[in-house]
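Please look through the sequence and the model below before reading my points. I have kept each of them short, so that you can follow them with the structure open beside you.

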Amino acid sequence: MLKVGTAALAAGAAGAVLTGGAGQAASAAPGPKSARTRFAPLPRQAKPLPMGPDGYRLDRIGPETYAVTATPGVQAAFVVSSAGVIVMDAPPPLATALPAAIKKVTEKRVTHLIYTHQHADHIANARVFGDVVRIAHAETARLIHNEQDPARPMPTVTFKDQYTLTVGDQRLELSYPGVNHDAGNIIIHAPRQRVAMMVDVVIPGWAPFRAWGTADSVPGVLRTHDVLAGLDIDTFVGGHIHRLGTPEDIKVSREFVYDLWNYTTNVMATTHMETYLAQVEEGNLWAGFRLWFEAIADKVEPMIYRKWLHRLGAVDVFTRENIQTIALSHAIDAPHDLSF
Ligand SMILES: [Zn+2]
(Lines give C-alpha, C1' and ligand atoms only; values in the text may rest on other atoms or scores of the structure.)
Protein backbone atom coordinates (compact mmCIF):
# COMPACT_ATOMS: atom_id res chain seq x y z
CA MET A 1 0.00 0.00 0.00
CA LEU A 2 1.13 3.49 -0.73
CA LYS A 3 2.83 5.41 2.00
CA VAL A 4 2.57 9.17 1.85
CA GLY A 5 5.02 11.13 3.97
CA THR A 6 3.71 14.08 5.93
CA ALA A 7 6.24 16.45 4.37
CA ALA A 8 5.04 15.49 0.92
CA LEU A 9 1.44 15.89 2.09
CA ALA A 10 2.07 19.43 3.20
CA ALA A 11 3.38 20.22 -0.26
CA GLY A 12 0.83 18.08 -2.06
CA ALA A 13 -1.41 20.95 -3.04
CA ALA A 14 1.56 22.64 -4.64
CA GLY A 15 2.04 19.66 -6.91
CA ALA A 16 4.77 17.73 -5.08
CA VAL A 17 5.59 14.36 -6.53
CA LEU A 18 4.57 11.69 -4.05
CA THR A 19 6.30 8.39 -4.21
CA GLY A 20 4.77 5.01 -3.71
CA GLY A 21 4.81 1.44 -4.84
CA ALA A 22 5.79 -2.01 -3.72
CA GLY A 23 9.24 -0.93 -2.60
CA GLN A 24 7.76 1.73 -0.33
CA ALA A 25 5.61 -0.47 1.89
CA ALA A 26 5.02 0.98 5.32
CA SER A 27 7.59 -0.23 7.83
CA ALA A 28 4.95 -0.72 10.51
CA ALA A 29 1.18 -1.05 10.48
CA PRO A 30 -0.32 2.41 11.04
CA GLY A 31 -1.93 2.95 14.42
CA PRO A 32 -5.06 5.00 15.05
CA LYS A 33 -3.04 8.24 15.26
CA SER A 34 -1.02 7.81 12.08
CA ALA A 35 -4.12 6.75 10.11
CA ARG A 36 -5.24 10.41 10.23
CA THR A 37 -2.12 11.61 8.47
CA ARG A 38 -1.50 8.58 6.30
CA PHE A 39 -3.61 9.97 3.46
CA ALA A 40 -3.65 13.34 1.76
CA PRO A 41 -6.07 15.86 3.30
CA LEU A 42 -9.42 16.21 1.53
CA PRO A 43 -9.57 19.25 -0.74
CA ARG A 44 -12.27 21.75 0.17
CA GLN A 45 -14.69 20.54 -2.50
CA ALA A 46 -14.58 16.98 -1.14
CA LYS A 47 -15.25 17.78 2.50
CA PRO A 48 -18.61 16.65 3.93
CA LEU A 49 -21.42 19.15 4.31
CA PRO A 50 -23.19 19.25 7.69
CA MET A 51 -26.28 17.11 8.27
CA GLY A 52 -29.57 18.77 9.24
CA PRO A 53 -31.07 18.74 12.76
CA ASP A 54 -32.82 15.40 12.10
CA GLY A 55 -29.58 13.71 11.12
CA TYR A 56 -29.96 14.00 7.35
CA ARG A 57 -29.78 16.61 4.60
CA LEU A 58 -32.83 17.54 2.56
CA ASP A 59 -31.91 19.60 -0.53
CA ARG A 60 -34.41 21.04 -2.98
CA ILE A 61 -32.68 20.49 -6.31
CA GLY A 62 -35.47 21.26 -8.79
CA PRO A 63 -38.90 22.90 -8.69
CA GLU A 64 -40.44 19.65 -7.41
CA THR A 65 -37.33 17.51 -6.86
CA TYR A 66 -35.47 16.81 -3.63
CA ALA A 67 -32.32 14.92 -2.63
CA VAL A 68 -31.87 13.24 0.74
CA THR A 69 -28.40 12.52 2.12
CA ALA A 70 -27.40 10.76 5.34
CA THR A 71 -24.32 9.31 6.96
CA PRO A 72 -22.31 7.46 5.75
CA GLY A 73 -22.68 9.56 2.64
CA VAL A 74 -25.60 7.81 0.93
CA GLN A 75 -28.16 9.58 -1.27
CA ALA A 76 -31.63 9.08 -2.71
CA ALA A 77 -33.98 11.54 -4.43
CA PHE A 78 -37.68 12.06 -5.07
CA VAL A 79 -39.95 14.02 -7.40
CA VAL A 80 -43.38 15.24 -6.28
CA SER A 81 -45.90 14.92 -9.11
CA SER A 82 -49.55 15.93 -9.21
CA ALA A 83 -50.46 12.22 -8.91
CA GLY A 84 -47.99 10.96 -6.31
CA VAL A 85 -44.33 10.82 -5.32
CA ILE A 86 -41.67 9.16 -7.49
CA VAL A 87 -38.75 7.89 -5.39
CA MET A 88 -35.32 7.13 -6.80
CA ASP A 89 -33.58 4.39 -4.77
CA ALA A 90 -34.22 3.18 -1.23
CA PRO A 91 -30.86 2.85 0.54
CA PRO A 92 -30.93 1.12 3.97
CA PRO A 93 -29.07 3.99 5.72
CA LEU A 94 -32.02 6.24 4.71
CA ALA A 95 -34.63 3.84 6.13
CA THR A 96 -36.18 6.50 8.35
CA ALA A 97 -34.75 9.67 6.79
CA LEU A 98 -36.22 9.19 3.30
CA PRO A 99 -39.88 8.63 4.35
CA ALA A 100 -39.50 11.45 6.92
CA ALA A 101 -38.09 13.82 4.30
CA ILE A 102 -40.94 13.04 1.88
CA LYS A 103 -43.50 13.70 4.64
CA LYS A 104 -41.83 17.01 5.39
CA VAL A 105 -42.37 18.13 1.77
CA THR A 106 -45.75 16.66 0.76
CA GLU A 107 -48.77 14.74 2.00
CA LYS A 108 -48.96 12.83 -1.27
CA ARG A 109 -48.22 9.13 -1.10
CA VAL A 110 -45.34 7.36 -2.85
CA THR A 111 -46.66 5.69 -6.01
CA HIS A 112 -43.46 4.85 -7.92
CA LEU A 113 -39.99 3.63 -6.97
CA ILE A 114 -37.14 3.59 -9.50
CA TYR A 115 -34.13 1.34 -8.91
CA THR A 116 -30.95 2.89 -10.31
CA HIS A 117 -29.35 -0.57 -10.14
CA GLN A 118 -29.58 -3.76 -8.15
CA HIS A 119 -26.90 -3.20 -5.48
CA ALA A 120 -28.29 -3.71 -2.00
CA ASP A 121 -26.66 -0.60 -0.55
CA HIS A 122 -28.97 1.48 -2.78
CA ILE A 123 -32.29 -0.37 -2.88
CA ALA A 124 -32.52 -2.89 -0.02
CA ASN A 125 -34.98 -0.74 1.87
CA ALA A 126 -37.56 -0.84 -0.96
CA ARG A 127 -40.21 -2.57 1.14
CA VAL A 128 -40.68 0.53 3.29
CA PHE A 129 -42.70 2.01 0.38
CA GLY A 130 -45.08 -0.94 0.20
CA ASP A 131 -46.91 -2.01 -2.93
CA VAL A 132 -45.79 0.66 -5.42
CA VAL A 133 -44.85 0.54 -9.10
CA ARG A 134 -41.17 -0.45 -9.19
CA ILE A 135 -39.25 0.41 -12.35
CA ALA A 136 -35.80 -0.90 -13.31
CA HIS A 137 -33.69 -2.04 -16.21
CA ALA A 138 -34.37 -5.62 -17.38
CA GLU A 139 -30.85 -6.62 -16.36
CA THR A 140 -31.46 -5.30 -12.84
CA ALA A 141 -34.59 -7.48 -12.64
CA ARG A 142 -32.61 -10.52 -13.77
CA LEU A 143 -29.87 -9.94 -11.20
CA ILE A 144 -32.36 -9.36 -8.36
CA HIS A 145 -34.13 -12.56 -9.35
CA ASN A 146 -30.82 -14.44 -9.12
CA GLU A 147 -30.05 -13.09 -5.66
CA GLN A 148 -33.42 -14.06 -4.14
CA ASP A 149 -33.01 -11.27 -1.57
CA PRO A 150 -36.33 -10.54 0.15
CA ALA A 151 -35.12 -6.97 0.88
CA ARG A 152 -35.06 -6.25 -2.88
CA PRO A 153 -38.55 -6.90 -4.26
CA MET A 154 -38.76 -7.55 -7.99
CA PRO A 155 -39.41 -4.60 -10.32
CA THR A 156 -42.92 -4.50 -11.76
CA VAL A 157 -41.91 -2.55 -14.90
CA THR A 158 -38.68 -3.15 -16.83
CA PHE A 159 -37.09 -1.69 -19.96
CA LYS A 160 -33.99 -2.19 -22.10
CA ASP A 161 -32.73 1.04 -23.71
CA GLN A 162 -35.08 3.92 -22.92
CA TYR A 163 -38.20 4.42 -20.87
CA THR A 164 -40.30 7.54 -20.35
CA LEU A 165 -42.03 7.55 -16.99
CA THR A 166 -44.99 9.92 -16.84
CA VAL A 167 -46.72 10.36 -13.50
CA GLY A 168 -49.27 13.17 -13.26
CA ASP A 169 -47.50 16.34 -14.41
CA GLN A 170 -43.97 14.90 -14.21
CA ARG A 171 -41.93 13.23 -16.92
CA LEU A 172 -38.70 11.33 -16.27
CA GLU A 173 -36.43 9.92 -18.98
CA LEU A 174 -34.74 6.67 -17.99
CA SER A 175 -31.91 5.42 -20.19
CA TYR A 176 -29.26 2.75 -20.21
CA PRO A 177 -25.78 3.57 -21.56
CA GLY A 178 -24.65 -0.09 -21.57
CA VAL A 179 -22.86 -2.06 -18.87
CA ASN A 180 -20.96 0.34 -16.61
CA HIS A 181 -20.53 0.27 -12.82
CA ASP A 182 -23.11 -2.50 -12.82
CA ALA A 183 -25.09 -4.26 -15.54
CA GLY A 184 -28.45 -2.46 -15.59
CA ASN A 185 -27.21 0.76 -13.93
CA ILE A 186 -29.35 3.53 -15.47
CA ILE A 187 -29.46 7.30 -15.87
CA ILE A 188 -32.60 9.05 -14.59
CA HIS A 189 -33.09 12.46 -16.18
CA ALA A 190 -35.84 14.87 -15.21
CA PRO A 191 -35.54 17.51 -17.98
CA ARG A 192 -37.97 20.07 -16.56
CA GLN A 193 -36.37 19.73 -13.13
CA ARG A 194 -32.89 20.11 -14.71
CA VAL A 195 -31.75 17.18 -12.56
CA ALA A 196 -30.13 13.82 -13.32
CA MET A 197 -29.32 10.91 -11.07
CA MET A 198 -26.93 8.08 -11.73
CA VAL A 199 -25.30 6.13 -8.93
CA ASP A 200 -21.73 4.94 -8.41
CA VAL A 201 -20.23 6.43 -11.59
CA VAL A 202 -19.52 10.13 -10.96
CA ILE A 203 -18.86 10.77 -7.28
CA PRO A 204 -18.79 14.60 -7.25
CA GLY A 205 -15.45 15.92 -6.06
CA TRP A 206 -13.95 12.48 -5.49
CA ALA A 207 -11.72 9.94 -7.19
CA PRO A 208 -13.33 6.55 -7.93
CA PHE A 209 -13.82 4.00 -5.17
CA ARG A 210 -11.84 0.75 -4.94
CA ALA A 211 -11.81 -1.27 -8.17
CA TRP A 212 -13.80 1.56 -9.78
CA GLY A 213 -16.61 0.82 -7.34
CA THR A 214 -16.45 -2.84 -8.43
CA ALA A 215 -17.16 -1.80 -12.01
CA ASP A 216 -18.56 -4.51 -14.24
CA SER A 217 -16.97 -2.65 -17.18
CA VAL A 218 -14.24 -0.03 -16.81
CA PRO A 219 -14.59 1.06 -20.48
CA GLY A 220 -18.33 1.27 -19.81
CA VAL A 221 -17.70 3.66 -16.91
CA LEU A 222 -15.72 5.94 -19.25
CA ARG A 223 -18.37 5.82 -21.98
CA THR A 224 -21.05 6.58 -19.38
CA HIS A 225 -19.11 9.69 -18.35
CA ASP A 226 -19.41 10.84 -21.99
CA VAL A 227 -23.19 10.44 -21.86
CA LEU A 228 -23.53 12.22 -18.51
CA ALA A 229 -21.37 15.11 -19.77
CA GLY A 230 -23.92 15.69 -22.54
CA LEU A 231 -26.91 16.20 -20.24
CA ASP A 232 -28.40 19.68 -19.96
CA ILE A 233 -28.86 19.85 -16.17
CA ASP A 234 -28.07 21.98 -13.15
CA THR A 235 -27.81 19.28 -10.46
CA PHE A 236 -26.47 15.75 -10.45
CA VAL A 237 -27.15 13.13 -7.76
CA GLY A 238 -24.30 10.59 -7.60
CA GLY A 239 -25.59 8.33 -4.81
CA HIS A 240 -22.68 8.78 -2.41
CA ILE A 241 -20.72 11.27 -0.32
CA HIS A 242 -22.21 14.26 1.43
CA ARG A 243 -22.91 16.67 -1.35
CA LEU A 244 -24.59 16.93 -4.72
CA GLY A 245 -22.93 17.47 -8.06
CA THR A 246 -22.89 19.97 -10.92
CA PRO A 247 -22.13 19.64 -14.64
CA GLU A 248 -18.62 20.85 -13.75
CA ASP A 249 -18.21 17.90 -11.34
CA ILE A 250 -19.13 15.52 -14.17
CA LYS A 251 -16.61 17.24 -16.44
CA VAL A 252 -13.84 16.98 -13.84
CA SER A 253 -14.60 13.33 -13.07
CA ARG A 254 -14.54 12.58 -16.79
CA GLU A 255 -11.16 14.26 -17.20
CA PHE A 256 -9.79 12.26 -14.25
CA VAL A 257 -10.96 8.83 -15.43
CA TYR A 258 -9.68 9.49 -18.95
CA ASP A 259 -6.32 10.64 -17.53
CA LEU A 260 -6.14 7.44 -15.53
CA TRP A 261 -6.99 5.42 -18.62
CA ASN A 262 -4.65 7.26 -21.00
CA TYR A 263 -1.64 7.48 -18.66
CA THR A 264 -1.95 3.76 -17.94
CA THR A 265 -2.29 2.97 -21.65
CA ASN A 266 0.86 4.92 -22.45
CA VAL A 267 2.90 3.34 -19.65
CA MET A 268 1.77 -0.14 -20.66
CA ALA A 269 3.21 0.43 -24.12
CA THR A 270 6.72 0.59 -22.65
CA THR A 271 6.36 -1.80 -19.70
CA HIS A 272 6.68 -5.33 -21.01
CA MET A 273 5.33 -8.28 -19.05
CA GLU A 274 8.09 -10.60 -20.27
CA THR A 275 10.61 -8.58 -18.24
CA TYR A 276 8.74 -9.39 -15.04
CA LEU A 277 7.99 -13.01 -15.87
CA ALA A 278 11.74 -13.50 -16.28
CA GLN A 279 12.32 -12.31 -12.70
CA VAL A 280 10.24 -14.95 -10.92
CA GLU A 281 10.32 -18.74 -10.65
CA GLU A 282 9.75 -20.29 -14.06
CA GLY A 283 6.05 -20.91 -14.56
CA ASN A 284 4.80 -18.66 -11.73
CA LEU A 285 2.56 -16.58 -13.98
CA TRP A 286 0.69 -14.95 -11.15
CA ALA A 287 3.92 -13.61 -9.63
CA GLY A 288 5.04 -12.26 -13.01
CA PHE A 289 1.71 -10.53 -13.55
CA ARG A 290 1.81 -9.04 -10.07
CA LEU A 291 5.25 -7.51 -10.61
CA TRP A 292 4.09 -6.18 -13.98
CA PHE A 293 0.95 -4.59 -12.48
CA GLU A 294 3.06 -3.07 -9.72
CA ALA A 295 5.60 -1.66 -12.18
CA ILE A 296 2.80 -0.01 -14.18
CA ALA A 297 1.25 1.46 -11.04
CA ASP A 298 4.67 2.72 -9.84
CA LYS A 299 4.98 4.79 -13.03
CA VAL A 300 1.39 6.06 -13.32
CA GLU A 301 0.77 6.98 -9.68
CA PRO A 302 3.15 10.01 -9.53
CA MET A 303 1.78 11.36 -12.83
CA ILE A 304 -1.75 11.25 -11.45
CA TYR A 305 -0.82 12.74 -8.08
CA ARG A 306 1.00 15.68 -9.65
CA LYS A 307 -2.13 16.78 -11.44
CA TRP A 308 -4.96 15.56 -9.25
CA LEU A 309 -4.13 15.29 -5.56
CA HIS A 310 -5.41 18.78 -4.81
CA ARG A 311 -8.38 18.62 -7.20
CA LEU A 312 -10.30 15.52 -6.06
CA GLY A 313 -10.85 13.76 -2.75
CA ALA A 314 -9.00 10.56 -1.85
CA VAL A 315 -6.95 10.36 -5.04
CA ASP A 316 -4.21 8.59 -3.04
CA VAL A 317 -6.53 5.99 -1.48
CA PHE A 318 -7.59 3.70 -4.34
CA THR A 319 -5.82 5.05 -7.44
CA ARG A 320 -3.02 2.47 -7.28
CA GLU A 321 -5.56 -0.36 -7.37
CA ASN A 322 -7.57 1.37 -10.06
CA ILE A 323 -4.51 1.69 -12.32
CA GLN A 324 -4.04 -2.07 -12.02
CA THR A 325 -7.73 -2.60 -12.81
CA ILE A 326 -7.22 -0.61 -16.03
CA ALA A 327 -4.18 -2.70 -16.94
CA LEU A 328 -6.31 -5.82 -16.61
CA SER A 329 -9.20 -4.22 -18.51
CA HIS A 330 -6.84 -3.55 -21.41
CA ALA A 331 -6.11 -7.26 -21.65
CA ILE A 332 -9.66 -8.56 -21.30
CA ASP A 333 -11.92 -5.75 -22.63
CA ALA A 334 -9.51 -4.44 -25.27
CA PRO A 335 -11.59 -1.35 -26.16
CA HIS A 336 -10.44 0.71 -29.12
CA ASP A 337 -12.78 3.68 -28.85
CA LEU A 338 -11.43 5.38 -25.74
CA SER A 339 -9.31 8.51 -25.83
CA PHE A 340 -9.86 12.00 -24.55
ZN1 LIG B 1 -23.49 0.02 -6.92
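1. In this predicted model, His-117 is buried, because its relative accessible area is 0%, and buried here means under 20%. His-181 also counts as buried, with a relative accessible area of 2%.

2. Both histidines belong to the zinc site, where the protein donors are His-117 through NE2, His-119 through ND1, His-181 through NE2 and Asp-200 through OD, lying 2.1 to 2.2 Å from the zinc ion. The angles among the 4 donor atoms run from 89 to 167°, and the site is irregular.

3. Along the chain, the donors of the zinc ion follow the spacing H-x1-H-x61-H-x18-D. His-117 sits in the loop between β5 (110–114) and α4 (120–123), while His-181 sits in the loop between β9 (170–175) and β10 (187–190), so this pair ties together parts that are 64 residues apart in sequence.

4. Turning to the nonpolar interior, the largest nonpolar core has 43 residues, and Trp-212, Phe-256, Ile-304 and Val-315 are those with the most contacts inside it. At least two residues of this core come from each of α7 (218–229), α8 (247–269), α9 (273–277), α10 (285–308) and α11 (315–332), and α8 gives the largest share, 10 residues. Because domain 1 (6–41 + 264–332) and domain 2 (46–245) both give residues to this core, it lies between them.

5. Val-315 deserves a look of its own: leaving aside its neighbours within four places in sequence, Val-315 is in contact with Ala-207, Phe-256, Ile-304, Tyr-305, Trp-308 and Leu-309.

Note on methods
Residues numbered from 1 in each chain as written. Predicted model: local features only at pLDDT ≥ 70, side-chain atom pairs only at ≥ 80, totals over all residues. Heavy atoms only, no water. Core = buried A, V, L, I, M, F, W, Y, C linked by side-chain atoms within 4.5 Å. Buried < 20%, exposed > 50% of the residue type's maximum accessible area, 1.4 Å probe, protein only. Helix = DSSP H or I, 4+ residues; strand = E, 2+ residues; numbered from the N terminus. Domains from an automatic or database assignment. Contact = heavy atoms within 4.5 Å. Donors = N, O, S within 2.8 Å, 3.2 Å for Na, K, Ca; no water. Tetrahedral: all angles 85-135°; square planar, octahedral: opposite > 155°, others 65-115°.
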